[in-house]
Amino acid sequence: MPVNPELQGRVFPPTSPYLVGREKVREFARAVLATSPLNFDVDAARAAGHADLVAPPTFPVVVQESTLAQLLAEPDAGIDFSRVVHGDQRFSYTRPVVAGDELTATLTVSSVKSLGAHSMVTAESVITDARGEHVVTAISTLVVRGDE
C-alpha cells in the first residue's frame, strides 16, 4: 500500500504536555556526548542567563516522538513502519529548551512525495511552551520504502 498523498496538509491534535526534567536533560546530554556545562550544571546555566539546565540542540526529538507516533498510527496513512528509514532531521529554534519547560507539540504533514515505488513524508512538529509561545520546530523526513 503506497503512502496516502492526502496526508499532505493534515494537522494532528496537540500532544499531552511534556515536562522537561533536569535528569532527562543530563541523560540526553550524556547519550549524545555533549560536554557543555550548561547541560549538566544548574549554576553554570543560570550564570549564562538561562532559567535552568539547557537541553542539547537535538533534545526536541524526545517531544517530537509522540507526534510522529500519531502519524505512524494513522489508519489511512499507508505507512508501514517496518519500511521506514529516517531520512532527515532539522530544528528551527526561537529559544533553547530548558529544564522546567512544559512543552506541547502539534504535527503537520508538510509534504508527501513519491519517488518511484518509494515515498518521502516530511512532517513539522511545532513545539510550544506552557504560555503557547514557540520554542522550536522539529522537521523530520521519513523515507518509506515501497515494494521493489
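Trainee: How should I read the surroundings of lysine 24: is this residue buried, partly exposed or exposed?

Mentor: Start with the scale: under 20% relative accessible area is buried, over 50% is exposed, and partly exposed is in between, using a 1.4 Å probe and protein chains only. Lysine 24 has 46% relative accessibility, so this residue is partly exposed. Before we go on, remember that this is a predicted model, in which local features need pLDDT of at least 70 and side-chain atom pairs count only at pLDDT 80 or more, while totals for chains, interfaces and linings use all residues. Residues are numbered from 1 along each chain as its sequence is written, and side-chain values use heavy atoms, with hydrogens and water left out.

Trainee: With which residue does lysine 24 form a salt bridge?

Mentor: The general test is a side-chain nitrogen of Lys or Arg within 4 Å of a carboxyl oxygen of Asp or Glu. Here the partner of lysine 24 is glutamate 27, and their closest N and O atoms are 3.7 Å apart. Glutamate 27 is partly exposed too, at 39% relative accessible area.

Trainee: Where do lysine 24 and glutamate 27 sit in the fold?

Mentor: First, the elements: helices (H or I, at least four residues) and strands (E, at least two) are DSSP runs numbered from the N terminus. An α-helix has 3.6 residues a turn, so residues three or four places apart point the same way. Lysine 24 and glutamate 27 are three residues apart in helix α1, about one helical turn. Helix α1 offers another example: arginine 26 and glutamate 23, also three residues apart, form a salt bridge at 2.5 Å, N to O. Arginine 26 is buried at 18% relative accessibility, whereas glutamate 23 is partly exposed at 45%.

Trainee: How many salt bridges does a search of the whole structure find?

Mentor: The search finds 11. One of them joins the side chains of aspartate 129 and arginine 95, at 3.3 Å, N to O. Aspartate 129 is in the loop between β4 and β5, and arginine 95 is in the loop between β2 and β3, so this pair ties together parts 34 residues apart in sequence. Through shared partners, salt bridges join Arg95, Asp101, Asp129, Arg131 and Glu133 into one network. As for accessibility, aspartate 129 is buried at 5%, while arginine 95 is partly exposed at 23%.

Trainee: What is the strand order in the open sheet?

Mentor: Two strands pair if DSSP finds at least two bridges between them. By that test, five strands form an open, antiparallel sheet in the order β1-β3-β4-β5-β2. β1 and β2 (84-93) are the edge strands, each pairing on one side only. Strand β1 (residues 18-19) meets β3 (residues 102-115) over two bridges: tyrosine 18 partners leucine 103, and leucine 19 partners glutamate 102.

Trainee: How many bridges join β3 to β4?

Mentor: There are 11, and β4 covers residues 118-128. For example, valine 112 has valine 121 as its bridge partner in β4. The two strands form a hairpin with two residues between them, and glycine 116 in the turn has a positive phi of about 65°.

Trainee: Where is α3 kinked?

Mentor: The bend at a residue is the angle between axes fitted to the seven residues ending there and the seven starting there. In α3 the kink is about 30° and is centred on serine 66. The expected span of a helix is 1.5 Å times one less than its number of residues; α3, with 14 residues, reaches 20 Å between its first and last C-alpha, close to the expected 20 Å.

Trainee: Which strands do the buried residues of α3 pack against?

Mentor: Contact means heavy atoms within 4.5 Å. The buried residues of α3 include Val63, Leu68 and Leu71, and the buried set packs against β1, β2, β3, β4 and β5 (134-144).

Trainee: How many aromatic pairs are there?

Mentor: Rings of Phe, Tyr and Trp (its six-membered ring) pair if their centres lie within 6.5 Å; planes under 30 degrees apart are stacked, over 60 edge-to-face, and the rest tilted. That rule gives three pairs. In one of them, phenylalanine 28 and phenylalanine 59 are edge-to-face, 5.3 Å centre to centre with 75° between the planes. Phenylalanine 28 lies in α1 (residues 22-31) and phenylalanine 59 in the loop between α2 (42-47) and α3 (60-73), so the pair ties together parts 31 residues apart in sequence. Both rings belong to buried residues, phenylalanine 28 at 15% and phenylalanine 59 at 1%. Ring pairs also bring in Tyr18, making a cluster with Phe28 and Phe59.
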